[in-house]
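Me: Please take one part of this model and walk me through it closely. Keep it brisk.

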Amino acid sequence: MATINPPKTTSTSALFDDLPTEKWINLANLYQWKGFWYRRPHLEAVMEARSSFKARDEDVILASSMKTGTTWLKALIPSIMDPNARIVENSTYNILDMPSPRLFRTHMPYAMLPDSIKTSGCKIVYITRDPKDTVLSLWHFMNSIRKPEERPFPLNEFFESFCKGLHPFGPFHDHVLGYWKESMMRPEKILFLRYEDMKRDTSGQVKKLASFLGRPFAKEEEVAKVVWMCSFERLKNLEVNKNGVEPDAGFPKSAYFRLGVVGDWKNSLSMEMKKQLDEITCNKLEGSGLDLLN
Ligand code: PAP
């Protein structure tokens with residue numbers, strides 16, 4: 001599955017001087033553009049995609065904010081579209097040469113997607129998760145690239161930053177709401193999934209996903225096979241995921257398969273943190289009809 005990351009054609013350097021910028025957990029500068037925060041290479045890719053990406057009607061776009069279940073769906077979608085498909089991890093692909101159906105993944109907010117994705121017949125699958133588990137998953141993930149002699153990022157600061165919406169592709173809640181509202185208006189265009197539903201009723205959600213993609217299963221055994229092929233236990237124990245390194249950003253592959261459960265926040269977030277983030281979530285989602293809390 002490729003990233004929506006076409007080759008650069010224009011210079012965007014001058015623009016960055018004028019954008020609001022903040023330091024994120026002592027690690028990277030984030031730039032704010034049209035209401036969302038990005039690391040510079042991500043924002044450059046978003047801008048390039050907006051100016052040059054041309055969606056095809058047969059494309060499938062997997063969208064999410066960070067650490068909400070993308071890796072799981074990156075396995076499920078190709079398995080459903082083509083049972084013999086292998087997951088491609090190569091963002092240097094020439095996307096113009098890719099045969100249809102092309103499968104893409106992106107963390108772009110809905111409002112920032114290239115127009116052709118919104119107006120063509122392509123389908124979007126969005127996955128989200130309780131923000132308490134999301135922030136904790138992101139914290140562990142960022143710690144996975146710390147050197148052994150370095151201490152973990154302070155959880156308090158990391159959490160506060162997340163609550164303020166200051167994290168790559170944040171604010172989290174605005175990201176979720178963008179796709180949620182659109183999925184309500186165009187359910188045939190956007191399938192909105194929650195990680196918790198996927199864990200509770202994996203077969204049911206996988207069948208729903210397959211029907212949405214126009215590839216409904218003929219037999220129950222096929223569902224069971226895809227569910228097993230893409231299960232956390234199986235993927236985590238593949239040699240490539242135990243020892244490989246993600247080519248673009250250099251993260252160990254094992255960091256993408258940490259625990260894979262619902263409610264791990266209870267082991268690390270204090271009750272004050274839970275209250276604070278739940279309140280933000282309730283306020284932000286009020287009246288939307290969406291419930292994210294576990
Ligand atoms: P990304 O934003 O870097 O792509 P993403 O795959 O969305 O990350 O999220 C990673 C989370 O999904 C991890 O959660 P955890 O930190 O709470 O454990 C990871 O363990 C979980 N995950 C990865 N693959 C699967 C899977 N096959 N089934 C269930 N959960 C999974």
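**Helix H13, from its end inward**

Reply: Start just past the end of H13, where Gly-287 follows the helix. The phi of Gly-287 is positive, near 80 degrees. The model is predicted, so local features need pLDDT of at least 70 and side-chain atom pairs count only at pLDDT 80 or more, while totals for chains, interfaces and linings use all residues. Residues are numbered from 1 along each chain as its sequence is written, and side-chain values use heavy atoms, with hydrogens and water left out.

Now the helix itself. Helices here are DSSP runs of H or I, at least four residues, numbered from the N terminus. H13 covers residues 271-285, 15 residues in all. From first C-alpha to last, H13 reaches 21 Å, close to the 21 Å expected at 1.5 Å a residue. That expected span is 1.5 Å times one less than the number of residues.

Next, its two sides. Met-273, Leu-277, Asp-278, Thr-281 and Leu-285 are buried (under 20% relative accessible area, with a 1.4 Å probe and protein chains only). Seen down the axis of H13, these buried residues fall within an arc of 120 degrees, so they line one face. The arc is taken from the directions between the helix axis and the C-beta atoms. The general rule is that an α-helix has 3.6 residues a turn, so residues three or four places apart point the same way.

The face turned away from the buried side carries Met-271, Glu-272, Lys-275 and Asn-283. These four are exposed (over 50%).

What covers the buried residues? Among the cover are helix H5 (131-143), helix H6 (155-163) and helix H7 (172-185). Contact here means heavy atoms within 4.5 Å.

Conventions:
Helix = DSSP H or I, 4+ residues; strand = E, 2+ residues; numbered from the N terminus.
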